[in-house]
Every structure is written in structure tokens, then in C-alpha cells.
Amino acid sequence: MNTDNQSGQRTQVRCVFRKRAIAPLFVAAALACGAGAARAQGAAGYPSKAIRIVVPYPAGGPADTTARTISPRMTKALGQQLVIDNRPGASTIIGTEIVAKSPPDGHTLLLVTSTISINPSVFKKLPYEVQRDLVPVTMVIASPFALLAHPALPVRTTADLIKLVKARPGQLMYPSSGVGSANHLAVVLFSRMAGIETTHVPYKGTAQGITDLVAGQVQFSLHNPLTSLPLVNAGKLRLLATTGSKRLTMISNVPTISESVPGYEAGNWHALFAPGGTPKEILARLHVEVSRALSAAEVRSKLVGGGADPVGSSPEEFEAYFRSELAKWTQTVKTAGITPE
């Protein structure tokens, strides 16, 4: 009798422990299902209010123009107003931080340039961790640089320039908009891959650098193709190549540097990011609407005419590309001997 009672008690105790062990699993599963349902419901009802696109540059600049070019069609498709919020300053860090610390619900986005892939290498400490606090949505446009030379320089191609620099190591100078800027690092990458030695002359912006190139104070440069074409057409500069992975549509007769230096690619792409943790369903919806906007004839025409090519890569494609960009510029910054600020 006592044995049976003890056995029953032991059985009862075992059952209690099993229930206690299993209960958290059911709770966790229920919470996971509930969270999944909430995400699905949130994505299905997205967007529920106006969408703010933070542009970490002044109004009227290239990134601002890109945002304002695609936003009308996206507003119509999404049924909510897209509001452009210009937050310039600190090499895009101010605007980027705003988005990095926003709720991951797809109602606050970041439209930024390739600077976002360079900053982690040139700044010792950022107020966000770019791969944790932000998630790539899509590359909107590819906007390569133009490789320019002063007309007095006896070169007409990238190969000519490389040959001349090798004959005169360290003597040919190029301007940039500052140490660690996109056009500075693009030349550093070019020099490393071509095996040449060039001399950097940093300026506080692009205007003085291009003025000195026209005057012959510096010999070659990487610059915006759209703003440099009038100088090329006037015979004040010579256009040798562009820096993208493929030829730029607006000047498709001009070769790329990669046709002489295989694998070389640089440029000032514009891309859309969302706060880290934004549901994949929302990212997918945003990608679809950006792609649709880019396929519209008037949008495409304006972007191509502005010296860019529409892209619209998927979140997965752009994430892989973005990681490769981070790695590339980290190595390039080390090559340049730049000490993070």
C-alpha cells in the first residue's frame, strides 16, 4: 500500500516536472507565433502613415534630387505621403543616426550615398553600428565618377595615364574633396590596383579642385560626369573613362577604368536603408515600389540625364554588395594610411 502510494507520488512528481519543463516551450512557441502574426499583420497594413525619407545632405544636392525623383510615384503606389527630411552634417552621420535609432516599422528610411560604406573605416567611433542598426533595402542608382585629365597631359586613355604615371612616379597630382572622401579613396584604389604612385592634394570641396585641374595645377581627377561634361565639351578637360562596373548610359561610348584595370569599380551610388529589424515583408514591398518608380520612363530619363543609371537591386543583392563595399574601403583606407578620426 505504501509502495503503491510512493509509486503514485513519484509518477505524479515526474508528471509535474514534465509539465513544468514543457510549459515554457509552449509559451515560447505561442509568443513566437504571436510575434510572427504581428509582423505579418504590420506588413499587410503597411504603410499606416506618412513615410519619412531622411537625406543626410542639403536640399538640392544629388542625393536629395534622387529622393525627390522617385518619391512622387512611390507616394501614389503606397497610398501615403513620402516626406523628404534633409539632415545634413558630419559626413552623413547626423541623418544616419536618426534612422538607425528609429522604430523598425518602415516609416523612417534613409537615402544615402556610398559614404555610408566608407565612414566605418575613417571614423574611430560612430553613434551606430551600420550592419546592426541599419538594413539595406535597395541600391537606387549607380553614379560613377569621370576620370579626367588636363588637355596638356599626353594621355587619351586609362592605359596612357597608367603608363605616364609609371614613368613619372609620384609626380602627377590629383585633387579630392578631402581626406577619406569618396573620390580620394577611389583614386587610392585605382593607384593600388594599377600599381602606380600618385600624389593627393586635398581640398575642402570639389569646386576648387576642378578649378585647379582646368588651370593645370593638378593633372588628373575623378569628378562628377554631369558637371564635368561642359568643361570636356569646351576642350578644357579630357574625359578618359568612368569608374563604374559598366559603361554609363549617358556616355556609353566612354570606356570604364575596369576595361584597362580588371575588377576596378568605384562611384557615388545612392541607396535606401531602413532601421535594423525592419520586417522582410516591408523591405520587399519598398524594393518593389522603388523598382516600379525606376522603371517609369520620366523617372529613368531624369536620372540618366543626371549622370546616373537606375538599379533597383533586391534587398539580398544589395546587402551582399554593401558588405563587399565595407570590406573594400576598409582595406583601401589602410592602404592610404588614413588614421580614423
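The following exchange goes through several descriptions of this predicted model and the reasons for them.

Reader: Why is Thr-92 called buried or exposed, whichever applies?

Author: The relative accessibility of Thr-92 is 4%, and buried means under 20%, so Thr-92 counts as buried. Thr-92 is placed in the loop between E2 and H3, and its phi is near 80°, a positive value in a residue other than glycine.

Reader: What makes Ala-90 count as partly exposed?

Author: Ala-90 has a relative accessibility of 47%, and because buried means under 20% and exposed over 50%, with partly exposed in between, Ala-90 counts as partly exposed. Ala-90 lies in the loop between strand E2 (82-86) and helix H3 (93-100), and here phi is near 55°, which is a positive value in a residue other than glycine.

Reader: Why is H2 called oblique to H10?

Author: Helix H2 (residues 62-78) packs against helix H10 (residues 280-295) at an angle of about 125°, and their axes are 9 Å apart. Roughly perpendicular covers 65 to 115 degrees and roughly antiparallel begins over 145, so with an angle between those ranges H2 is oblique to H10. The crossing of H2 and H10 is, in addition, right-handed.

Reader: Which residues make the contact between H2 and H10, and how do they divide into nonpolar, polar and charged?

Author: On the side of H2 the contact is made by Ile-70, Arg-73, Met-74, Ala-77 and Leu-78, and on the side of H10 by Arg-285, Leu-286, Glu-289, Val-290, Ala-293 and Leu-294. Eight of these residues are nonpolar, none is polar and three are charged; Arg and Glu count as charged, so Arg-73, Arg-285 and Glu-289 are the charged ones.

Reader: What makes a set of residues a nonpolar core, and which residues have the most contacts inside the largest one?

Author: The residues must be buried and of nonpolar kinds such as Leu, Ile, Phe and Tyr, joined through side-chain atoms within 4.5 Å. The largest nonpolar core has 82 residues, and those with the most contacts inside it are Ile-116, Leu-161, Phe-190, Tyr-264 and Phe-273. Helix H7 (residues 182-194) gives the most to this core, with eight residues. Leaving aside its neighbours within four places in sequence, Leu-161 is in contact with Leu-147, Leu-153, Val-155, Leu-172, Phe-190, Phe-220 and Leu-240. A second, separate core has 13 residues, among them Ala-146, Val-232, Leu-239 and Leu-248.

How values were computed: Residues numbered from 1 in each chain as written. Predicted model: local features only at pLDDT ≥ 70, side-chain atom pairs only at ≥ 80, totals over all residues. Heavy atoms only, no water. Buried < 20%, exposed > 50% of the residue type's maximum accessible area, 1.4 Å probe, protein only. Helix = DSSP H or I, 4+ residues; strand = E, 2+ residues; numbered from the N terminus. Contact = heavy atoms within 4.5 Å. Axes fitted to C-alpha atoms, helices over the stretch in contact; angles between N-to-C directions. Parallel < 35°, antiparallel > 145°, perpendicular 65-115°, else oblique. Left-handed = near helix turned anticlockwise from the far one by under 90°.
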